Amino acid sequence: MGLFDSLRSALGISAESDATSRADPEDLFGMSTAYLTMEADLGFDSADEAALCFSSVDSTDFADTVDSVEAILTAGSEETGTEFKRHTDDHGYNWVVLVDDDPEDLVTSVHFAADEFIERGYGSRLLAALFGFRKGGDRAYWIYSFRRGAYYPFAPQSTSKRNQKLEFKLESILDGELEIEDDEGYWYPLWPSTPDGHPWE
């Protein structure tokens, strides 16, 4: 996966010294209305998937925290039908991937998971929340950086090329509705490993 050369510095270790604010999981609820704006103003539908990326700690307490997150998502899935799975990628980063055709359920599930990490004292292990969108052959993502406490758009066209024109358009439409990272130097690409894949695959 080609994303982690940048992810490590953008959302991980070195970003701690560059963090401008403490991430607030309540920021994630801004995506609830953003889904509507993306559809109404830009013609982008939900990709029916979202993901939470985090780094692990080799401790029993952290393992218990992850178990607690899974228990919360399992309980939520009985109400909403939101499916989820966990996997660790080749770089050692962990993902919780959520699938639901109701964007509101995706936002709520990501929030519950992130909030549990924070409540258990592991907010610093959260790297990013990703929300996917699609329009024909185009894909776009809103990425929430927990280290920066802000969103930024990402529109991959392949495993190494991005549609910056679309990204700037997304920024202009959603500015004010989402807390958007104003330093474009932190709009790090989270490349998918295949041309048609998601960054979390």
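This report looks at helix 5, the nonpolar core and the confidence of a predicted model.

Helix 5 spans residues 164-174, and within it Leu 166, Glu 167, Leu 170 and Leu 174 are buried. These residues lie on the same side of helix 5 because they cover an arc of only 105° around the axis. An α-helix has 3.6 residues a turn, so residues three or four places apart point the same way. On the other side of helix 5, by contrast, Lys 165 and Ser 172 are exposed. The cover over the buried residues of helix 5 includes helix 2 (30-42), strand 5 (138-145) and strand 6 (150-154).

Both ends of the helix deserve a look. At the N-terminal end, Asn 163 acts as a cap, with a side-chain oxygen 3.3 Å from the backbone nitrogen of Lys 165, while Gly 176, just after helix 5, takes a positive phi of about 100°.

The largest nonpolar core has 55 residues, and Phe 146 is among those with the most contacts inside it; strand 4 (residues 126-135) gives the most to this core, with 7 residues. Apart from its neighbours within four places in sequence, Phe 146 is in contact with residues including Ala 23, Leu 28, Leu 52 and Ala 114.

The chain averages a pLDDT of 88, and 89% of the residues score at least 70, but two stretches have low values, as the table shows.

| Stretch | pLDDT | Contacts beyond near neighbours in sequence |
|---|---|---|
| Residues 1-6 | below 50 | 18 contacts |
| Residues 12-21 | under 50 | 20 contacts, beyond four places in sequence |

Where pLDDT is low, the predicted coordinates should not be read in detail.

Key: Residues are numbered from 1 along each chain as its sequence is written. This is a predicted model: local features need pLDDT of at least 70, side-chain atom pairs count only at pLDDT 80 or more; totals for chains, interfaces and linings use all residues. Side-chain values use heavy atoms; hydrogens and water are left out. Buried means under 20% relative accessible area, exposed over 50%, partly exposed in between (1.4 Å probe, protein chains only). Helices (H or I, at least four residues) and strands (E, at least two) are DSSP runs, numbered from the N terminus. The arc is that of the directions from the helix axis to the C-beta atoms. Contact means heavy atoms within 4.5 Å. A polar contact is a pair of N or O atoms within 3.5 Å; within protein, one must be able to donate a hydrogen and the other to accept it, and residues adjacent in sequence count only if both atoms are side-chain atoms. A nonpolar core is a set of buried Ala, Val, Leu, Ile, Met, Phe, Trp, Tyr and Cys residues joined through side-chain atoms within 4.5 Å. pLDDT is the predictor's confidence in each residue, from 0 to 100.
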